[in-house]
Each structure stands twice: as structure tokens, then as C-alpha cells.
Amino acid sequence: QSEIEIILKNQELAAAEEEIRANLRKLEDVNDELENKNKGLIQAYEKLEESETKYHTLFNNANDTIFLMKGERFIECNKRTYDMFGVKREEIINHTPFDFSPDTQPDGRDSREKALEKIEQAVKDIPQFFEWKHNKLNGELFDAVIGLNAVKLKNEKYLLAIVKDITELKQKHKEIINAVIEAEENERNRIAQDIHDGVSPILSAIKLFLQAMMNTRDEELLKQLV
């Protein structure tokens, strides 16, 4: 009876040992799977970190001001903003575009009213591109062109505003127009002078010729003049 019990116990132990080995194999498979997932997560994190680095580099080193807006208020901006508007970060975050605008725009419209209209259109996924008169924190005015588009982040709608200072460009444009006007005026004066110097003597000669014809009574002379 004892020998039979020993044999049965050994069989049970062998079965338990086999089960343990099977579980160990499963654990090894799970461990391998976890290691592969861990590698994948590490790679994904590295790619995310690389993307974030690229994003921050592009965002902060852009030549134009970039705003992220929630409704009508600025919630994020890049470093170029500080130079363009002459502000520190805390002086512009949570403010609105019309806080940095004169009371009215060059077309005579109220800045706040016009800005809210543009924001409303952008929220409706209608991209906006327009010129705007802004002012720095010290009140100095400058001309800008603005692109305003809606973007979705974490299922929430935001506005992305890109502001480009075109004051220098408009000044050069004005200089070109003035140069063209001056060139046209000089050309008109030159043509007038040419007419005076070239055509006037001819007209005077014709006038004298006609007067001579009208005043002469010599038939032979008239025939020669004609």
C-alpha cells in the first residue's frame, strides 16, 4: 500500500513539475512579449520626444509670431511674440488681439468688433487672411498680415494665428509707388519739353507760312507756296 501511495505521489509530483515547466514557458513568453512591448514603448517615446523637440524648435524659432487661441484669448505664443509686441509672456497670455490694437482699423471699423467677426468665421472652419493694424505694449503701431485657422487638439477646437509684421514691406511699397509717380512726372515734363523745343518752332514756321499765303497778292508766289 505504501509503495502504491509513493508511486501515485511521484506521478502527482511529475504532473505538477510538468505544469510548473509549462507555466514557466508561458511566463517566459509573457516576459518576451513584455520586453517587445517595452521596446516599442521606448521607441514610441523617443519618436514622440523627437517630434516634440522639432515642434518646439520650429515653434520658438519661427520668424513670425504664432499664437494658440482659445476663443478670443491667447493661451500660448512663441518667442518671436515678445520682440514683435515688446512684451513679456505674462503680459500677453490671456489677453485678446484687440488689447493690442488701436480703437479703429484703417478702414474705420472698430477693432474689437472686426476681430470678433474674424474669430467667429475661423471657429466655423472658414480660414481668415487679412491685414491688421497692431500696436506694441508701448503704443507703437505696426502693420501686420494675419492668418487665422481652426485646429483640433484633444477633441477641443482652438485657433492658430500667425502674425507677420509687414511694416517695412509696406514702407518699401510706398517708396516704390512714390518713385513710379516721380518717374512718370519726369517723363511728362520731358515730353512737354520735347514738344516745346521740337514742335513749337515747326508750328511757328507753319503759322508764318500761312500768314504769308494770306497776305500775298502775287499769284505766281501763291502757286509756288501751294
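**From an exposed helix to a nonpolar core**

With a relative accessible area of 57%, Glu 168 is exposed in this predicted model. Glu 168 belongs to helix H4, a helix that covers residues 167-215. Further along the chain, by 38 residues, comes Ile 206, and the C-alpha atoms of Glu 168 and Ile 206 are 55 Å apart. Ile 206 is also part of a nonpolar patch on the surface, together with Ile 202, Leu 203, Phe 209 and Leu 210. The accessible area of this patch adds up to about 470 Å². Ile 202, one of its members, is placed in helix H4.

Away from the surface, the picture turns to the largest nonpolar core, which has 23 residues. Those that touch the most other members are Phe 67, Met 69, Phe 85, Ile 92, Leu 148, Leu 159 and Val 163. At least two residues of this core come from each of the following elements: strand E1 (65-70), strand E2 (73-77), helix H2 (80-85), helix H3 (111-123), strand E3, strand E4 (141-153) and strand E5 (156-165). Strand E4 makes the most generous contribution, giving 4 residues.

Phe 67 offers a good view of these surroundings. Apart from neighbours within four places in sequence, Phe 67 is in contact with Phe 74, Glu 76, Cys 77, Thr 81, Phe 85, Ile 92, Leu 159, Leu 160, Ala 161 and Val 163. Among these partners, Phe 85, Ile 92, Leu 159 and Val 163 are also listed with Phe 67 as the core residues that touch the most other members.

His 134 is a residue of strand E3, which spans residues 128-135. A relative accessible area of 4% is under the 20% cut-off, so His 134 counts as buried. The His 134 side chain reaches the backbone oxygen of Phe 100, at 2.7 Å. Phe 100 is also one of the contacts that His 134 makes beyond its neighbours within four places in sequence. The others are Phe 85, Pro 97, Ser 101, Pro 102, Glu 140, Leu 141, Phe 142, Ala 144, Ile 146 and Val 163. Two of these partners, Phe 85 and Val 163, are in contact with Phe 67 as well.

Charged side chains complete the description, with a count of 15 salt bridges. In one of them, Lys 157 pairs with Asp 125 at 3.3 Å, N to O. This pair connects distant parts of the chain, 32 residues apart: Lys 157 sits in strand E5, while Asp 125 is in the loop between H3 and E3. Lys 157 is partly exposed, at a relative accessible area of 31%.

Another salt bridge joins the side chains of Glu 117 and Arg 109, with an N to O distance of 3.1 Å. Glu 117 is partly exposed at 35% relative accessibility, and Arg 109 is likewise partly exposed, at 25%.

A network of salt bridges links Glu 17, Glu 18, Arg 21 and Arg 25. Within this group, Arg 25 forms a salt bridge with Glu 18, and their closest N and O atoms are 3.5 Å apart. Arg 25 has a relative accessibility of 44% and counts as partly exposed. Glu 18 is partly exposed too, with a relative accessible area of 40%.

Definitions and conventions: Residues numbered from 1 in each chain as written. Predicted model: local features only at pLDDT ≥ 70, side-chain atom pairs only at ≥ 80, totals over all residues. Heavy atoms only, no water. Buried < 20%, exposed > 50% of the residue type's maximum accessible area, 1.4 Å probe, protein only. Polar contact = N/O pair within 3.5 Å; in protein donor to acceptor, adjacent residues only side chain to side chain. Contact = heavy atoms within 4.5 Å. Patch = residues over 30% accessible without salt bridge, like charges linked within 9 Å, V, L, I, M, F, W, Y side chains within 5 Å. Areas by Shrake-Rupley, 256 points an atom, 1.4 Å probe, with all protein chains shown as cover. Salt bridge = Lys/Arg side-chain N within 4 Å of Asp/Glu carboxyl O. Core = buried A, V, L, I, M, F, W, Y, C linked by side-chain atoms within 4.5 Å.
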